[in-house]
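Biologist: Could you go through this model with me? I would like to begin with how contacts are defined.

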Amino acid sequence: MRTWQVGDVMTTDVATVGEETPYRQIVDVLIRRGISAVPVVDSFDRVLGVVSEADLLHKVERAGHPDGRRVFEGRRRRTVREKAGALVAGDLMTAPAVTTTPRASLPAAARLMDREVVKRLPVLDDLGRLVGIVTRGDLLRVHLRTDAEIREDVVQQVLRRVLAVRDGLVTVQVRDGEVTLDGRLDRRTAVELAGRLAAQVAGVVQVHNTVGYDVDDTSLMELDPVHTTPVG
């Protein structure tokens, strides 16, 4: 069953700057492209770091304040002071950059963003070269799929291709990304697998599995055949 990956939603027309790109030119790139950060790359398109609006704003925040170094200066204060006085991308950027690959799954990319507290990930090929960038908004794009597209995947990829369920045994309804499975199968494990696989289809928000079964082929106690499978 096909699972959407970062390569399916990333932006490939990526604005970049070099280490020696001056402060003002970086600001111009962000404003002109309507973006909030830009990767810093070398001559081989390898990502050295990322310059974000937050990195650039340190100069605005400290405008008019003395730039003196304190005797006991914490790491964050030192970083702010240094970036406030920086003039080129190499001194402004946050490094190393948190990156991903085109083959990473969307949930994996989302978890990486959350863990590293970043809003975007440069996407690198097998040689470490920049091939795209994926943002939080890009990851949400999967939920713009229509209900008809989602239903088609559940029917074709889950029921027919993976589970080999004959037509008519299970009905599939999709509304606002919520999938409802109904009908009857021979085995409980098949019912549960149908729910789990449907939840993995791109764009699915939740699965309501009301499919019944003839034989409980698990070693567990019999449970109510009505299940709700959240996504995520």
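Modeller: A polar contact is a pair of N or O atoms within 3.5 Å; within protein, one must be able to donate a hydrogen and the other to accept it, and residues adjacent in sequence count only if both atoms are side-chain atoms. This is a predicted model, in which local features need pLDDT of at least 70 and side-chain atom pairs pLDDT 80 or more, while totals for chains, interfaces and linings use all residues. Residues are numbered from 1 along each chain as its sequence is written, and side-chain values use heavy atoms, without hydrogens and water.

Biologist: Which side chain does Arg120 join in a polar contact?

Modeller: The side chain of Ser36, at 2.9 Å. Arg120 lies in strand β3, residues 120–124 (strands are DSSP runs of E, at least two residues; helices are runs of H or I, at least four; both are numbered from the N terminus).

Biologist: How far away is the nearest side chain of opposite charge?

Modeller: That side chain, Glu53, is 6.5 Å from Arg120, which is buried yet has no salt bridge. A salt bridge needs a side-chain nitrogen of Lys or Arg within 4 Å of a carboxyl oxygen of Asp or Glu. Lys and Arg count as positive, Asp and Glu as negative; His and the chain ends are not counted. Buried means under 20% relative accessible area, exposed over 50%, and partly exposed in between, with a 1.4 Å probe and protein chains only.

Biologist: Turning to the backbone, where is there a cis peptide bond?

Modeller: Between Ala95 and Pro96, with omega about -5°. Pro96 is in the loop between α5 (89–92) and α6 (106–116).

Biologist: And what is phi of Val117?

Modeller: Near 55°, a positive value in a residue other than glycine. Val117 counts as exposed, at 68% relative accessibility.
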